[in-house]
Amino acid sequence: MNEKMKSCSRRDFFRTAAFSTVALGTSSLLADENLTAAAPLAREARKRLALNLAVLLPLKIPFLEQLQLVAQAGFRNVEIWFRFLDEYLQEGGTLAELKAFLNDLDLRVVGAIGFAPWGVNDPDVRRRALDTMKVDMERMAALGAETFAAAPSGIHNRTDVELPALAERYRSVLEAGEQFGVFPQLEIWGVGTTLSKLSDALWVVSEAAHPRATLLLDVYHLFRGGNDFVSLMQTNPRLMSNFHWNDYPGDIPREALKDGDRVFPGDGVAPLGEIRRTLEQNGFRGTYSLEIFNQGYCQKYEPGELMRISFEKMAKSIFSEYNPEPAGGFAP
């Protein structure tokens, strides 16, 4: 283990960070040591919450420090960004060291964000993108992850990409993943024309005709794309391992919303209770991952405080209206 990793050991970090009820908040859901008979349920509940490192993106914090902050706040799952992983490896880190570091933090990688243009019409660009994704697949497998985002990079704002061709290209991505056991999830972006509609994305995953074809959905992107949340009834949440969780304000017209307008769950007007109920009643047992790009939060809060609030907002949003069942699901 290199010196950078040694300086960030979980034991030392949590000793100095005073990982306690005060650090995490007063809710019994947030601190294992203060739980009563419901402790197993609360620990199981933690496994349903994740944080996407987009929350910390504007702060330009080193990768390992980001992971420490996420774990310190109480999260047990994280979505990384490939740009951070690339920087870490270029600076001399190794995947084996990173996996050990994550294990020390009791943190699991449940996804990653990258922007390889796998769906574009240009075959040369598409070939290079697939090569990039194969590298990412190998890295994710080494970290114990099984998926990452297949974002509509390079195609979301175009009108000349046919859905049948896109389904073939997505299938090619999934077939490449068979070698590594890592299968990217088709992501929709609400801004643009291609893959902004849930109906189009559902058609693509169906037409791809691959058993691991599935979606990566996002509260903000669904709304921004003009989708009705009732359409989530037509998806198969059992196949989804992750769902991007956030909220949006009610004082900005839908067509004018931008990525940076996303707010903490519960601070906007999204029907989060309805969305969560639909997902859970239809078999979703994956993670709810907070993904926001709010520059204002990064200016207002110190990184540790931002992570603490993120965890508390997620815990309240996901569990406030439900009683966890023994299996970790939700009561109807």
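Start with S289 in this predicted model. Leaving aside its neighbours within four places in sequence, S289 is in contact with A50, L51, N52, E79, N242, F243, H244, W245 and M314. The residue belongs to strand β8, which covers residues 287-290. Is S289 buried or exposed? S289 is buried, because its relative accessible area is 0% and buried means under 20%. One of its partners deserves a second look. The side chain of S289 reaches the backbone nitrogen of N52 at 3.5 Å.

Two other partners of S289, F243 and W245, lead on to the nonpolar core. The largest such core has 97 residues. F243 and W245 are among those with the most contacts inside it, along with L53, L67, I80 and Y170. Which helix gives the most to this core? Helix α14, residues 303-319, gives the most, with eight residues. In soluble globular proteins, nonpolar side chains tend to be buried together.

Now take L67 from that core. Its neighbours within four places in sequence are again left aside. L67 then touches L53, V78, I80, L98, F101, L102, L105 and L107.

Finally, look for empty space. The structure holds one cavity of 30 Å³ or more. The largest cavity has a volume of about 30 Å³. Its lining is made up of E79, V110, G111, A112, T147, F148, A149, Q185, L216 and N242. Strand β3, residues 108-113, provides the largest share, three residues. By type, the lining divides into five nonpolar residues, four polar and one charged. Two names return here: E79 and N242 line this cavity, and both are in contact with S289.

Notes
Residues are numbered from 1 along each chain as its sequence is written. This is a predicted model: local features need pLDDT of at least 70, side-chain atom pairs count only at pLDDT 80 or more; totals for chains, interfaces and linings use all residues. Side-chain values use heavy atoms; hydrogens and water are left out. A nonpolar core is a set of buried Ala, Val, Leu, Ile, Met, Phe, Trp, Tyr and Cys residues joined through side-chain atoms within 4.5 Å. Buried means under 20% relative accessible area, exposed over 50%, partly exposed in between (1.4 Å probe, protein chains only). Helices (H or I, at least four residues) and strands (E, at least two) are DSSP runs, numbered from the N terminus. Contact means heavy atoms within 4.5 Å. On a 1 Å grid over the protein atoms alone, a cavity is a set of points where a 1.4 Å probe fits but cannot get out, and a pocket is an open set with protein on both sides within 12 Å along at least five of seven lines; lining residues have an atom within 4 Å of a point. Grid points are joined across faces, edges and corners, and a volume is the space filled by probe spheres set on the points. Ala, Val, Leu, Ile, Met, Phe, Trp, Tyr, Cys and Pro count as nonpolar, Asp, Glu, Lys and Arg as charged, and the others, Gly among them, as polar. A polar contact is a pair of N or O atoms within 3.5 Å; within protein, one must be able to donate a hydrogen and the other to accept it, and residues adjacent in sequence count only if both atoms are side-chain atoms.
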